[in-house]
Amino acid sequence: MIEKKSCWKQYGKAGQTLEMDRYDKETPDSYRSVYSELFSEFGVEVTRKIHSEYKGRQVSFPKKLYTEQYIDYYVKVNSASKSVSEMAVQLEYTERNIRQRLQKSQKTSIDVNEETGQKIIMKYRPIYNELFIMFGEEITGRIYNLYKGHQISFPKKLYTEKYRDSFLRENIGNKKISELAAELGYTERRINQLLKKYKEEYIKDDLLGK
């Protein structure tokens, strides 16, 4: 087993011993690409949940937040209490589009559930609806503002290699291989390979007298 304190050493050109940078979960630099941005905006919990749900996927975030069905419904039920300009701002559509929907809504009726008397409509477009179920309205709106109109690739790995190495070197003496693997999202085989690599590097440096 590698001694924990030895793992923190690296060496400069002149052979001097330098202290390695430490990375932890409280810094954006510990997270890969989009996860770094999510961490800065929402913190660890939301970032880990999004990683768990979307890792390895490419997700398109529509420019429009609401479904067409909800927009038509909103325009019809609010036409008496809100101006065209107010509805246009709320729904992020042009006033011309809202007027067209108003004309259309006057010719159509709203179907309701016969038992409850309520209209059941999906408010958000699919990806935003998924986020709404997970996080609620506020976070969904903030994610929409960040990524609307973009296609985002979510890496399979949450953490950067620098954080991974830092975490392994710091915890090698007090966590099981299975615990290290579970925390970082790697297989136990891969963790063993990395630890072997660190050990070989340490032995090599030691033999060279660094």
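Guide: A helix here is a DSSP run of H or I at least four residues long, with helices numbered from the N terminus. In this predicted model, α6 ends just before G136, a residue with a positive phi near 95°.

Visitor: Okay, and what makes up the rest of the secondary structure of the protein?

Guide: The total is ten helices and four strands. Reading from the N terminus, the order is β-β-α-α-β-α-α-α-α-α-β-α-α-α.

Visitor: Back to α6, then. Which of its residues are buried?

Guide: I127, Y128, N129, L131, M134 and F135. Each gets that label because its relative accessible area is under 20%. These residues pack against α2, β3 (58-60) and α7, which means they have heavy atoms within 4.5 Å of those elements.

Visitor: What makes I139 buried?

Guide: The relative accessible area of I139 is 16%. The cut-off is under 20%, so I139 counts as buried. I139 sits in helix α7. Setting aside residues up to four places away in sequence, I139 touches F42 and V46. I139 and V46 are 93 residues apart in sequence, but their C-alpha atoms are 9.1 Å apart in space.

Visitor: Why is K156 called exposed?

Guide: K156 has a relative accessible area of 64%. Exposed means over 50%, so K156 earns the word. K156 belongs to the loop between β4 (151-153) and α8 (161-171). K156 still has contacts beyond its neighbours within four places in sequence: H51, K55 and G56. From K156 to Y54 the C-alpha distance is 8.4 Å, although 102 residues separate the two in sequence.

Visitor: And why is E92 called partly exposed?

Guide: E92 comes out at 34% relative accessibility. Buried needs under 20% and exposed needs over 50%, so E92 falls in between. E92 lies in the loop that joins α4 (84-91) to α5 (95-105). Its phi is positive, about 60°, although E92 is not a glycine.

Visitor: Where is S33, which also has a positive phi?

Guide: S33 is in helix α1, residues 33-42. Its phi is about 30°, and S33 is not a glycine either.

Visitor: How do you know that E86 is partly exposed?

Guide: The relative accessibility of E86 is 46%. That is not over 50% and not under 20%, so E86 goes in the middle class. E86 lies in helix α4, and its C-alpha is 10.0 Å from that of I98, twelve residues apart in sequence.

Visitor: What makes you call α8 mostly covered?

Guide: Eight of the eleven residues in α8 are buried. They are Y163, R164, D165, S166, F167, L168, R169 and N171. Across the whole protein of 210 residues, buried ones make up 37%.

Visitor: How many residues are in the largest nonpolar core, and which have the most contacts inside it?

Guide: The largest nonpolar core holds 51 residues, and F61, L91, I98 and F154 have the most contacts inside it. Membership takes a buried residue of a listed nonpolar type, joined to others through side-chain atoms within 4.5 Å, so these four must all be buried. For L91, the contacts beyond four places in sequence are Y66, Y70, I71, Y74, V75 and I98. As a general point, nonpolar side chains tend to be buried together in soluble globular proteins.

Visitor: What lines the largest cavity?

Guide: L38, I50, Y54, F61, I127, L131, I143, Y147 and F154 do. The elements giving two or more residues to that lining are α2 (44-54), α6 (126-135) and α7 (137-147).

Visitor: Why is that space called a cavity and not a pocket?

Guide: A 1.4 Å probe fits in a cavity but cannot get out, whereas a pocket is open. The search finds one cavity of 30 Å³ or more, and the largest cavity has about 50 Å³ of space.

Visitor: How do you know which classes the lining of the largest cavity has?

Guide: The count gives nine nonpolar, no polar and no charged residues. Leu, Ile, Tyr and Phe are among the types that count as nonpolar, so the tyrosines Y54 and Y147 go in that class along with the others.

Terms used:
Residues are numbered from 1 along each chain as its sequence is written. This is a predicted model: local features need pLDDT of at least 70, side-chain atom pairs count only at pLDDT 80 or more; totals for chains, interfaces and linings use all residues. Side-chain values use heavy atoms; hydrogens and water are left out. On a 1 Å grid over the protein atoms alone, a cavity is a set of points where a 1.4 Å probe fits but cannot get out, and a pocket is an open set with protein on both sides within 12 Å along at least five of seven lines; lining residues have an atom within 4 Å of a point. Grid points are joined across faces, edges and corners, and a volume is the space filled by probe spheres set on the points. Buried means under 20% relative accessible area, exposed over 50%, partly exposed in between (1.4 Å probe, protein chains only).
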